[in-house]
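Colleague: Got a minute to look at something with me? I'd like to know what stands behind the labels you use.

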Amino acid sequence: MAKIVVMDHPLIQHKIGIIRRTETSSKEFREMISEIAMLMSFEATRELPLVDIDIETPIGKTTAKELAGKKMAVVPILRAGLGMVEGMLAMIPAAKVGHIGLYRDPETLEPVEYYCKLPSDIASREVFVIDPMLATGGSASAAITMLKEKGAKKIHFMCIIAAPEGVKRMQKEHSDVDIYIGALDEKLNDHGYIVPGLGDAGDRIFGTK
């Protein structure tokens, strides 16, 4: 069973408190989402493998560390996942970026695919799927299924706020995928929104209703 990590870092919790507030503007919301993603990436990349390399400093020779392989991909689930990309790339600038477009059918609450564009070498990359919200788990699970069908083998999922229902579904359908969560909330309401949550992340990032 893959691990589930709920972040407890004070900076992350402070910034999540800001994005939950109704009065937080789209501009500030976008900035906070990006900053939270950047901070969370520290924890999500904690177990990336390292190798020893011989280098020369201005003083002399020594052995340093570098990432083994150094091949990573960041895959946001459109559209809200886009808000987390910049923060991730600030920490992992060499990563390639793929995109998976899904929307939730308002009747069934199930995800429907409308776009998928991934790096051609996705099978050899460490993949970080990102979406601010893990609600029912439908979109995240569908995106990860698509990635596996395209050959991705090492997949992590990162979200800022999750509901227990979404975590349970992910564990059931993708028990091999580590999940990194900023805050684990109480439940889903009858409309599939996370309670207390922060509303619609996409609308708040892009200023749409």
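Here we go through some of those labels one by one.

Modeller: Quick caveat: this is a predicted model, where local features need pLDDT of at least 70, side-chain atom pairs count only at pLDDT 80 or more, and totals for chains, interfaces and linings use all residues. Residues are numbered from 1 along each chain as its sequence is written, and side-chain values use heavy atoms, with hydrogens and water left out.

Colleague: Why are α2 and α3 called oblique to each other?

Modeller: Helix α2 (residues 26-44) and helix α3 (residues 82-91) pack at about 45 degrees, with axes 7 Å apart. Under 35 degrees counts as roughly parallel, over 145 as roughly antiparallel, 65 to 115 as roughly perpendicular and the rest as oblique; α2 and α3 are therefore oblique.

Colleague: What makes residues of α2 and α3 count as meeting?

Modeller: Contact means heavy atoms within 4.5 Å. Among those that meet are Ile 33, Ala 37 and Phe 42 in α2, and Met 84, Glu 86 and Met 88 in α3.

Colleague: Which residues of the UniProt "binding site" are included in the largest pocket's lining?

Modeller: The feature comes from an unreviewed UniProt entry. The lining includes Arg 79, Arg 104, Asp 131, Asp 200 and, among others, Met 133. A pocket is an open set of points on a 1 Å grid where a 1.4 Å probe fits, with protein on both sides within 12 Å along at least five of seven lines; lining residues have an atom within 4 Å of a point.

Colleague: How do you know that the Leu 78 to Arg 79 peptide bond is cis?

Modeller: Its omega is near 0 degrees. Arg 79 is in the loop between β4 (72-78) and α3.

Notes: Axes fitted to C-alpha atoms, helices over the stretch in contact; angles between N-to-C directions. Helix = DSSP H or I, 4+ residues; strand = E, 2+ residues; numbered from the N terminus. UniProt positions renumbered as here; feature names shortened; annotations may be inferred.
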